[in-house]
Amino acid sequence: MPSPGENFRINSARLWDSLMQMAQVGPGIAGGNNRQTVTDADAEGRALFKSWCDAAGLTMGLDRMGNMFMRREGTDPQALPVYIGSHLDTQPTGGKYDGVLGVLGGLEVIRTMNDRGIRTKHPVVVTNWTNEEGARFAPAMLASGVFAGIHSLDYAYARKDPDGKSFGEELARIGWVGDEEVGARQMQAYFELHIEQGPILEAEAKTIGVVTHCQGLWWLEFTLTGKEAHTGSTPMGMRVNAGLAMARIMEMVQEVAMAAQPDAVGGVGQVNFSPNSRNVLPGTVIFTVDIRSPDQAKLDGMRAEIERRAAAICADLKVGCAVEAVGHFDPVTFTPELVGRVRAAAEKLGYPHRNIISGAGHDACWTAKVAPTTMVMCPCVDGLSHNEAEEISPEWAAAGADVLLHAVLETAVVVD
């Protein structure tokens, strides 16, 4: 019977084939994916994942947020399960690996255990969290947030997409509402494998990122109210220009983020003008500022400075300004013991590695509130993610899953 000390690997070809098959569900327009949460494509991806889990002998639990929990039994029925997870939903123009690698890498861990006849004391559960991306229904990491008690079920069900459809109605429509109470499960530990979504690992020729922390985040949604007016016949000095206020705020966010270096970022990724006509000054501009840092004081200080200076900018231009925090999590420190197991696995398998702080939010940020948690990262080409051109190599995917396998087995306790 193999032990965690042996340097065996997952089936790289099988993992890559699974990734490529899932990429055929909800294809994008430029080689990536558009498999947004609780769409028909999401339902199709879930069904494919379940079919693979059924074939691997796993049993499914499904909670009221549509979170899928695929369980392989352990030898001790009283032992808490070790969870592996991520998400299958994508951005509207998303890549083939963001989130998906973590779910299918978890499945490959199970398949490898089956191939080798490995038994563990603790059950192992592969999880697909609903609506991690937050692209269709804000905020991001919605279902894991309900699981961790950050959001209520009613709050989540009431989230609306740009077409006015509610999350709860759409989840029911695609047929993936379970009966299980959200958050009722207890975890021995939670592991999440993910692509880096940044350039550091590739630039430094490191195959594995040992994730020690996750940056905190604020999403601040600004609603600026000006006065719609003809762009050609309204004198410059008589305009109430919400678009100009937005431009000045965007420049100011850059200044605030640069002043907070190192370990701080800020920017604007979404802007909506109304009426969005080429010869009409906008009456309303809605946009979201995204600021992040692993330092709590720095993160909150950036928010306060941005809101203060935005109010002054808008007052100077006589533009109305309202701000709502539509997404937030504090910086996360992952469990040192689990971080150490990831590092030890990388060293044992001979993979170049380094400590890294996750720049993006992940479901692991919320599970860390309720269970020992850590993450494993592999590189992605040019650090590109949330883009259909997102790319990784089969070797990187396999290395991440290899480290995941050994860290999970160490935690789940192999039984001879």
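The paragraphs below walk through two annotated sites, a buried serine and a surface patch in a predicted model.

A good place to start is the set of positions His87, Asp98 and His194, at which the unreviewed UniProt entry places the feature "binding site". These three residues span 108 residues in sequence, yet no two of their C-alpha atoms are more than 9.9 Å apart, so they gather at one spot. His87 sits in the loop that runs between strand E3 (82-86) and helix H3 (100-116), and with a relative accessible area of 0% it is buried. Apart from neighbours within four places in sequence, the contacts of His87 include Asp98 and His194 from the annotated set, and they also take in Val100, Val103, Asn128, Trp129 and Asp363, among others.

His194, by contrast with the loop position of His87, belongs to strand E6, which covers residues 189-195. His194 is also counted as buried, at 0% relative accessibility. Its side chain is joined to the side chain of Asp98 by a polar contact of 3.0 Å. Once neighbours within four places in sequence are set aside, His194 is in contact with residues including Ser86, His87, Asp98 and Gly99, and its contacts on the other side of the sequence numbering include His362, Met375, Val376, Met377 and Cys378.

Asp98 appears again in a second group, since UniProt, in an unreviewed entry, lists Asp98, Glu133 and His386 for "binding site". This group is spread over 289 residues of sequence but clusters in space, the largest C-alpha distance being 9.6 Å. Glu133 is found in the loop between strand E5 (124-128) and helix H4 (142-147), and its relative accessibility of 6% makes it buried, because that value falls under the 20% cut-off. The side chain of Glu133 makes a polar contact of 2.8 Å with the side chain of Gln91. Beyond four places in sequence, the residues in contact with Glu133 include Asp98 and His386, the other members of its group, as well as His87, which belongs to the set described earlier.

How is His386 placed with respect to the solvent, buried or partly exposed? At 40% relative accessibility, His386 counts as partly exposed, because this value lies between the 20% and 50% cut-offs. His386 lies in a loop as well, the one between strand E16 (373-378) and helix H12 (394-412). A polar contact of 3.1 Å links the side chain of His386 to that of Asp98, and, with residues up to four places away left out, His386 touches Gln91, Thr93, Asp98, Glu133 and Gln197. Asp98 therefore has side-chain polar contacts with His194 and with His386, while Gln91 is in contact with Glu133 and with His386.

Ser358 offers a further view of the interior, for it lies in strand E15 (residues 353-358) and is buried, with a relative accessible area of 1%. The side chain of Ser358 makes a polar contact of 3.0 Å with the side chain of His362, a residue that is also in contact with His194. Leaving aside its neighbours within four places in sequence, Ser358 is in contact with Val211, His213, Cys214, Gln215 and Met377, and Met377 is likewise among the contacts of His194.

Finally, at the surface, Met250, Val271 and Phe273 make a nonpolar patch of about 210 Å². Phe273 is placed in strand E10, residues 265-274, and is partly exposed, with a relative accessible area of 33%.

Methods. Residues numbered from 1 in each chain as written. Predicted model: local features only at pLDDT ≥ 70, side-chain atom pairs only at ≥ 80, totals over all residues. Heavy atoms only, no water. Patch = residues over 30% accessible without salt bridge, like charges linked within 9 Å, V, L, I, M, F, W, Y side chains within 5 Å. Areas by Shrake-Rupley, 256 points an atom, 1.4 Å probe, with all protein chains shown as cover. Salt bridge = Lys/Arg side-chain N within 4 Å of Asp/Glu carboxyl O. Helix = DSSP H or I, 4+ residues; strand = E, 2+ residues; numbered from the N terminus. Buried < 20%, exposed > 50% of the residue type's maximum accessible area, 1.4 Å probe, protein only. UniProt positions renumbered as here; feature names shortened; annotations may be inferred. Contact = heavy atoms within 4.5 Å. Polar contact = N/O pair within 3.5 Å; in protein donor to acceptor, adjacent residues only side chain to side chain.
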